[in-house]
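Good morning, colleagues. I shall take a few minutes to go through one structure, beginning with its aromatic rings and then turning to its strands and one of its helices. Please keep the display in view as I speak.

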Amino acid sequence: MWYSPFFALLLLSALASPVEVDCLVNITDYTFDTLVHSSPSTWFIKFYAPWCSHCKRMHSAWVELANSFCKNDSVHIGQVNGEEENGLESQFEISSFPTLLLFKDGYYYKYKENRTVEALSLIHISEPTRPY
């Protein structure tokens with residue numbers, strides 16, 4: 001069986017590259033109301049900055065978390081680039097990165113626990129910050 005060099009290069013690059021999943025939803029100032037505010041589902045959202053070393057370190061755990069909830073219609077995992085989405089950053093008073101917020105039943109909660117996949121999956125939350 002003959003394979004072209006292009007096919008071999010494509011296959012090798014696919015195997016070497018980490019796979020990002022479509023279950024991690026990128027949220028913007030323009031899509032927040034439609035995706036989160038109008039949704040009956042729970043949303044767990046990471047506010048991050050591309051330059052933030054803590055954000056970079058937890059990225060793989062966040063992607064893994066999104067994968068684990070991929071087929072769960074009642075919980076969605078998202079992320080907001082705080083450098084680009086200033087409206088949401090201001091609305092939710094984001095003062096550091098990463099900031100994790102859980103949106104449920106018209107309220108949002110700050111997540112302040114461990115940031116491993118196991119801990120994130122349990123979604124421990126504080127008292128509601130305020131309605132959104």
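A search of the whole structure, which is a predicted model, returns nine aromatic pairs. Let me take two of these in turn.

The first pair I wish to discuss is that of Phe 44 and Tyr 111, which is edge-to-face, with 5.4 Å from centre to centre and 65° between the planes. Which parts of the chain does this pair tie together? Phe 44 belongs to strand β2, while Tyr 111 sits in the loop between β5 (107-110) and α5 (117-122), so the contact links parts that are 67 residues apart in sequence. Both Phe 44 and Tyr 111 are buried.

The second pair is formed by Phe 92 and Tyr 108. Their ring centres are 4.9 Å apart and their planes stand at 85°, so this pair too counts as edge-to-face. Here Phe 92 comes from the loop between α4 (86-91) and β4 (99-104), and Tyr 108 from strand β5, so the parts tied together are 16 residues apart in sequence. Phe 92 and Tyr 108 are likewise both buried. These two residues also belong to one aromatic cluster, together with Phe 32, Phe 47 and Phe 103.

I turn now to strand β2. Seven of its seven residues are buried, so the strand is largely enclosed by the rest of the structure. From β2, Thr 42, Phe 44, Lys 46 and Tyr 48 point one way, whereas Trp 43, Ile 45 and Phe 47 point the other way. Lys 46 deserves a remark: this residue lies over the face of Tyr 48, at 5.3 Å from the ring centre.

What are the pairing partners of β2? With β4, the strand runs antiparallel, and five bridges join the two; in this pairing, Ile 45 stands opposite Leu 101. With β3, strand β2 (residues 42-48) runs parallel, joined by seven bridges. Within that pairing, Trp 43 faces His 76, and Lys 46 has Gln 79 as its bridge partner. Between these two strands the chain passes through helix α3 (residues 53-68), and this β-α-β crossover is right-handed.

Strand β3 (residues 75-81) has six of its seven residues buried, so β3 is also largely enclosed by the rest of the structure. Strand β1 (residues 24-26) pairs with β3 as well, in the parallel sense and over three bridges. In that pairing, Leu 24 is opposite Ile 77.

Finally, let us consider the connecting helix. Helix α3 has 16 residues and spans 24 Å from its first C-alpha to its last, close to the 22 Å expected at 1.5 Å a residue. Where does α3 bend? The bend is at His 59, and amounts to about 40°. The buried residues of α3 are Cys 55, Met 58, Ala 61, Trp 62, Val 63, Leu 65 and Ala 66. As a general point, an α-helix has 3.6 residues a turn, so residues three or four places apart point the same way.

To close, I would return to strand β2: it is joined to β3 by seven bridges and to β4 by five, and its residue Phe 44 forms an aromatic pair with Tyr 111. Thank you for your attention.

Methods:
Residues numbered from 1 in each chain as written. Predicted model: local features only at pLDDT ≥ 70, side-chain atom pairs only at ≥ 80, totals over all residues. Heavy atoms only, no water. Buried < 20%, exposed > 50% of the residue type's maximum accessible area, 1.4 Å probe, protein only. Helix = DSSP H or I, 4+ residues; strand = E, 2+ residues; numbered from the N terminus. Pairing = 2+ DSSP bridges. Right-handed = clockwise from strand over helix to strand, strands pointing away. Phe/Tyr/Trp six-rings, centres within 6.5 Å; stacked < 30°, edge-to-face > 60°. Lys NZ or Arg CZ within 6 Å of the ring centre and 35° of its normal. Expected span 1.5 Å × (residues − 1). Bend = angle between axes of the 7 residues up to and from the residue.
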